[in-house]
Every structure is written in C-alpha cells, then in structure tokens.
Amino acid sequence: MDLVDIRRAIAAERRELAGVLDGLTEEQWEAASLCAGWRVREVAAHMSMGFRYPLPAVVWELVKARGSLHRMTDRLARKDAAAASTGELAAYLRDHADHPWKPPVGGVEAALGHDVIHGLDITVALGLDRRVPEDRLRVSLGTVNPRGLKFFGADLDGVRLRADDLDWSYGSGAELTGAAQELLLVAYGRRLPPGHLRGEPRGRFVGA
C-alpha cells in the first residue's frame with residue numbers, strides 16, 4: 001500500500017470502528033478491554049486523543065506526567081472516558097476519520113496500526129467477530145520489530161509467531177499459531193482470552 005492507500009485505510013478503519021462502537025450496549029462499554037486496566041470506554045477515548053489535543057497541550061500533559069508517556073495516556077484516557085458520552089466517543093472517531101494524526105514514531109503505518117490494534121483490543125475482548133481487512137492487517141504486521149516488542153512489553157524470547165490464516169511469521173523458537181490479527185496483539189504485549197492461540201507457549205500469552 002502506498003501513502004494514499006494507507007490514509008484511505010485509516011479513514012475506513014476509523015469509520016468502521018465507530019460503527020462498532022455505535023452498536024455496543026452499556027454493559028459492553030463498561031467491560032474490560034485487552035488493554036490492562038482499561039475498559040472499552042477508556043480505549044475508545046484514547047483512540048481519539050491525538051485528534052482532540054493540540055501538540056502544546058500534549059507536551060504540557062507529558063510534563064505533568066514527569067515524562068512518562070504511559071502515565072500521561074492513562075490519565076487522559078480515564079479523564080476523557082468519564083467526561084464524554086458513549087455517542088461522543090464513537091463520533092470522535094467518525095468525525096476525525098481523515099485526521100492526519102500519527103504517533104511520534106512510525107509514520108502513517110503506525111497510525112493505521114494504532115487504530116487496528118486498539119480496535120482489536122475492543123472486539124477481541126468482547127468476543128465480536130470482526131476481521132480486519134487483510135491489506136490493513138499486513139501493514140500493521142509490518143510494524144512488528146524488536147523496539148516495539150520492548151516498548152509494549154511483549155516477551156517473544158524463544159517463540160515463533162506463525163499465522164494460520166495468511167502467510168506471515170515472526171521470530172524463532174517454539175511455534176505459537178493463531179489468526180494473524182490475534183498474533184499482532186501478542187506482538188503488542190496483549191494477553192488474549194482462552195481459545196485464540198495454539199502451541200506449547202500459549203500459556204504465556206493468555207489472560208485470566
């Protein structure tokens with residue numbers, strides 16, 4: 001995918017995820033996501049943070065968090081999730097589908113990955129059968145690298161990820177298999193519900 005295609009994919013992903021959010025019950029909004037400590041509500045709030053906070057405000061929030069990106073994003077997600085209605089949280093994604101935001105590193109590929117992964121944090125946790133389109137998924141799989149594994153706390157030492165629904169693998173060692181989109185979550189430090197992964201190392205990557 002070229003730059004234009006990726007931007008179109010980002011816009012499509014945001015609109016589709018907004019549609020998913022529109023269809024959630026209040027109970028689902030309050031359910032735990034795959035992001036440790038965050039409900040679906042906090043994940044949705046976090047996904048639109050880059051649209052709603054100008055750079056000077058982000059810098060100030062980072063200063064208040066003593067330079068910790070994780071601490072800053074956690075505080076803002078909780079604050080914004082409490083302040084916004086569920087309809088507003090969905091609308092933030094839809095109304096900013098074409099917003100050019102991207103993370104500090106990684107470019108537009110990382111921006112697409114941000115939406116894809118956080119969308120999966122919601123849909124996989126809720127047991128919703130949403131499949132990320134393959135072209136978007138392949139861009140996101142291409143962002144898996146040792147620096148990202150370290151940043152997100154994914155310990156793949158001695159593990160080879162191998163997708164069973166498309167031709168993709170990463171790492172070496174004992175094989176962990178599953179759908180590509182779920183292995184993407186593993187590579188970004190998530191622990192999955194039981195039943196999604198296969199292979200001897202799966203116990204390391206399954207949540208309670």
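Author: Before we start, buried means under 20% relative accessible area, exposed over 50%, and partly exposed in between, with a 1.4 Å probe and protein chains only. This is a predicted model, where local features need pLDDT of at least 70 and side-chain atom pairs count only at pLDDT 80 or more, while totals for chains, interfaces and linings use all residues. Residues are numbered from 1 along each chain as its sequence is written, and side-chain values use heavy atoms, leaving out hydrogens and water.

Reader: Great, so what share of the 208 residues is buried?

Author: Buried residues account for 46% of them.

Reader: And how many helices and strands are there?

Author: The chain has 11 helices and three strands. Those are DSSP runs numbered from the N terminus: helices are H or I with at least four residues, strands E with at least two.

Reader: Which strands does strand 1 join?

Author: Strand 1 runs parallel to strand 3 (residues 174-178), with five bridges, and antiparallel to strand 2 (residues 169-171), with three. Strands pair if DSSP finds at least two bridges between them.

Reader: Nice! What stands opposite V159 in strand 3, and what stands opposite L161 in strand 2?

Author: V159 faces A174, and L161 faces Y170.

Reader: Which way do the side chains of strand 1 point?

Author: They alternate along residues 159-163: V159, L161 and A163 point to one face and are buried, whereas R160 and R162 point to the other and are not.

Reader: Switching topic, what does the C-alpha trace span along its principal axes?

Author: About 45 × 35 × 35 Å.
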